[in-house]
Amino acid sequence: MRPTEILMNEHRVIEQVLDCLEKMAILGEQEGRIDAAPARDAVEFFRGFADGCHHGKEEDRLFPLVETRGFSAEEGPTAVMRIEHDEGRSLVGRIEHAIDGAADGRANELREFIGAAHTYVSLLREHIMKEDHCLFPMAERALSAEDQQKLVESFEQAERVDAGSGDHERFLRIADELATRFGVPRSRTQKV
């Protein structure tokens, strides 16, 4: 499997949890409050899997390698992706900060949760589309077969050692539990 395929498979899992977050926001609009437990699970998933594991593979491994192959770190597509990763981190912080008040039905925190959730969902969906259809095909053309094999090995190292034993699987379980709870189809079709 190519490194970009691994990342795209992870995108499908992230999209699954984005669908759950979107449903949480819609339910919050309808019911005037949110359920705190699944909201906290979503934040844990986005921080641990989407940002820690997935964005970590991109920022610490893929992006630096393609930058050595001619991509500009200051103005190229990897620079744009890093900016969007930072925007996502900020939005997840806003979502987390609003959970308790939104669960209590406090109007300001509920509005903040709903607004940040919808903005995060839109940002990440567009971000994933850019990576899947623009950045990753460009990266595949820039990287040799040897580069790609080294990246795959590096990704495996990230999951085994850097992320912590069992963390990757725990995040996948969270994604599936949220999907079951919110009636969202499981997007994962291959091992990530």
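The paragraphs below lead through the helices, the nonpolar cores, the aromatic cluster and the charged pairs of this structure.

The model is a predicted one, in which local features need pLDDT of at least 70 and side-chain atom pairs count only at pLDDT 80 or more, while totals for chains, interfaces and linings use all residues. Residues are numbered from 1 along each chain as its sequence is written, and side-chain values use heavy atoms, with hydrogens and water left out.

We begin with two of the helices, where helices (H or I, at least four residues) are DSSP runs numbered from the N terminus. Helix α1 has 29 residues, which at 1.5 Å a residue should span 42 Å, and its end C-alpha atoms are indeed 42 Å apart, so the two values agree; the expected span is 1.5 Å times one less than the number of residues. Just after α1 comes G32, which takes a positive phi of about 75°. Helix α6, with 16 residues, reaches 23 Å from its first C-alpha to its last, close to the 22 Å expected at 1.5 Å a residue, and α6 is followed by G183, whose phi is also positive, near 65°. The buried residues of α6 (buried means under 20% relative accessible area, exposed over 50% and partly exposed in between, with a 1.4 Å probe and protein chains only) include F171, L172, I174, L178 and F182, and among them are also the polar residues H168 and D176.

The next topic is the packing of nonpolar side chains. In soluble globular proteins, nonpolar side chains tend to be buried together. The largest nonpolar core here (a set of buried Ala, Val, Leu, Ile, Met, Phe, Trp, Tyr and Cys residues joined through side-chain atoms within 4.5 Å) has 43 residues, and those with the most contacts inside it are I14, L21, M24, F45, F46, F113 and Y120. Two or more residues of this core are given by each of α1 (3-31), α2 (36-68), α3 (77-103), α4 (107-142) and α6 (167-182), and the largest share, ten residues, comes from α4. Leaving aside neighbours within four places in sequence, F113 is in contact (heavy atoms within 4.5 Å) with L21, M24, A25, I34, A39, I95, A98, I99 and A102. A second, separate core of 15 residues includes F63, V66, M81 and F155.

Some of these residues also appear among the aromatic rings. A search of the whole structure finds three aromatic pairs, where rings of Phe, Tyr and Trp (its six-membered ring) pair if their centres lie within 6.5 Å, and planes under 30 degrees apart count as stacked, over 60 as edge-to-face and the rest as tilted. The rings of F45 and F46 have their centres 5.5 Å apart and their planes at 75°, so this pair is edge-to-face, whereas the rings of F45 and F49, with centres 5.0 Å apart and planes at 20°, are stacked. F45 and F49 both lie in helix α2, four residues apart, about one turn of the helix. An α-helix has 3.6 residues a turn, so residues three or four places apart point the same way. F45 is buried at 0% relative accessible area, F46 at 3% and F49 at 0%. Together with Y120, these three phenylalanines, F45, F46 and F49, form one aromatic cluster.

Charged side chains complete the picture. There are 24 salt bridges, each a side-chain nitrogen of Lys or Arg within 4 Å of a carboxyl oxygen of Asp or Glu. In one of them, E15 and R12 have their closest N and O atoms 2.8 Å apart, and because E15 and R12 are three residues apart in helix α1, about one helical turn separates them. Both are partly exposed, E15 with a relative accessible area of 24% and R12 also at 24%. Another salt bridge joins R94 and E112 (2.5 Å, N to O), and this pair links distant parts of the chain, with R94 in helix α3 and E112 in helix α4, 18 residues apart. R94 is partly exposed at 34%, as is E112 at 29%. D51, E59, D86 and R89 are linked in a network of salt bridges.

Where, finally, does D132 lie? D132 belongs to helix α4 and is buried, with a relative accessible area of 10%. The side chain of D132 makes a polar contact with the side chain of H11 at 2.7 Å, a polar contact being a pair of N or O atoms within 3.5 Å of which, within protein, one must be able to donate a hydrogen and the other to accept it, with residues adjacent in sequence counted only if both atoms are side-chain atoms. Beyond neighbours within four places in sequence, D132 is in contact with M8, H11, R12 and P137.
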